[in-house]
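Take a look at the structure shown here. This report covers how its parts meet, first within a chain and then between chains.

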There are 2 protein chains.
Amino acid sequence: MGRRSEILQRATEVFERKGVTQTSLEDIAREVGIKREAIYYYFKGRHDILLEIIVPSSRELLTGIEDILKSNVPGNEKLMNAIRSHVNAYNPRYLEMSVALREDHLFSDDKKFEELRDIWQRYGDMWCKLVEDGQATGAFRADLDAKLVSYAILGMCNWLSRWFDPEKHQSLEEITDTYFKLTFEGMQPRA
Amino acid sequence: MGRRSEILQRATEVFERKGVTQTSLEDIAREVGIKREAIYYYFKGRHDILLEIIVPSSRELLTGIEDILKSNVPGNEKLMNAIRSHVNAYNPRYLEMSVALREDHLFSDDKKFEELRDIWQRYGDMWCKLVEDGQATGAFRADLDAKLVSYAILGMCNWLSRWFDPEKHQSLEEITDTYFKLTFEGMQPRA
């Protein structure tokens, strides 16, 4: 692994373990086993490292749901695919996703975070569109507010970052299946 | 408002705005308009202030769901009541709940946080029991993993702390109603 990738890898681990705001460049350097100053050869600072970790997986989620929306399958399959795409983002990038979903960087005034916030905003909008489209075509019931429904499902999927442990828990495929059945069919006993 | 309550109130606002780890005693003192040292007359430190803010609303959620579990109503009503209890916790204590759900304190080694973690653990267990009981009585379908289902609903309700703005969004009653219908009946078109 090159030095640059090693910095990113170690930084992800420290961010995940200590939280972003509590991680200093010093901490990252210590994990890599280099001096703080040596990091500046590769990165301008902590925020640049953080963004390089979380922007790609966030951007992938966005292009993923854009492709799903364009695909020619019924609404319920789109729902299933969008849940799968989100849930699968935890593997193998569990750490990256967890760090991306930490709210620390939401408090930052750093303009650099604008791209990230914009990606997540657009991702939420796409989810809302998925629900609205399904309501328009009759794939989903139309009496529920599309925004509330999409935020609910996003919350369900995002909250995984707070409890899911790839070593301990169910497979992501089982989680996808359960979340799909829960949101599409509900907990009501099946006829 | 007494000085002590004023400290708690201002601290809640700063914690919510800046994040817990980025808030110093100095910041809190400045908001109240007193010296940092004066806070020590009321509190031992930042963590004590934080816990006094978030433990009561967390404990209320726990006793709330315990009462719901003991109540003599069908499973779907228990589900509705448990969602309502959680969603309503955002009003009027929106700030307290948001701060409680921040993950900052999960990284803390401070033993003082054990009580809080224990409350949330038990709260999650009660949710799981609510689903299991409903599955046992036939109120809910039994083919979904109770833990996954309860964590999904908790995620949905907890994620409110990240997007809900009491000034801008739907009423909590509408959110409760939508979350109940989504999880009990699902998005499938109604017959």
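## Two domains in chain A

In this predicted model, domain 1 of chain A and domain 2 of chain A bury about 650 Å² between them. Carbon and sulfur atoms account for 64% of that area. Domain 1 covers residues 1–43 of chain A, and domain 2 covers 54–184. Their C-alpha centres are 28 Å apart.

Seven residues of domain 1 of chain A touch seven residues of domain 2 of chain A. Three residues stand out on the domain 1 side: T12(A), E16(A) and V20(A). Together they supply 69% of the area that domain 1 buries against domain 2, more than any other three residues.

What kinds of residue make up the domain 1 side? It has two nonpolar, three polar and two charged residues. Between the two domains of chain A there are zero salt bridges. The count of residue pairs in polar contact, with both at pLDDT 80 or more, is also zero.

## Where the chains meet

Now turn to the contact between chain B and chain A. Each chain brings 46 residues to it. The two chains bury about 4,600 Å² between them, 64% of it on carbon and sulfur atoms. On the chain B side, R141(B), L148(B) and M187(B) supply 18% of the buried area. No other three residues supply more.

How many salt bridges are there between chain B and chain A? The count is two. E185(A) forms a salt bridge with R141(B). Their closest N and O atoms are 2.8 Å apart. Across this interface there are also 12 residue pairs in polar contact, both residues being at pLDDT 80 or more.

Three helices of chain B each supply at least two residues of the side that touches chain A: α1 (3–18), α8 (146–163) and α9 (172–184). The largest share, 11 residues, comes from α8(B). By class, this side of chain B has 22 nonpolar, 11 polar and 13 charged residues.

## Symmetry of the pair

How is chain B laid on chain A? A turn of 180 degrees and a shift of 0.0 Å along the axis do it, with an RMSD of 0.0 Å. The two copies are therefore related as by a two-fold rotation axis. The same surface serves both copies, as 100% of the contact residues of chain B recur in chain A.

Which residue of chain B comes closest to the rotation axis? It is G186(B), whose C-alpha is 2.0 Å from the axis.

Key: Residues numbered from 1 in each chain as written. Chains lettered and ligands numbered in written order. Predicted model: local features only at pLDDT ≥ 70, side-chain atom pairs only at ≥ 80, totals over all residues. Heavy atoms only, no water. Contact = heavy atoms within 4.5 Å. Buried area = accessible area lost by both parts, 1.4 Å probe. Salt bridge = Lys/Arg side-chain N within 4 Å of Asp/Glu carboxyl O. Polar contact = N/O pair within 3.5 Å; in protein donor to acceptor, adjacent residues only side chain to side chain. Helix = DSSP H or I, 4+ residues; strand = E, 2+ residues; numbered from the N terminus. Nonpolar A, V, L, I, M, F, W, Y, C, P; charged D, E, K, R; others polar. Least-squares fit on C-alpha atoms with pLDDT ≥ 70 in both. Domains from an automatic or database assignment.
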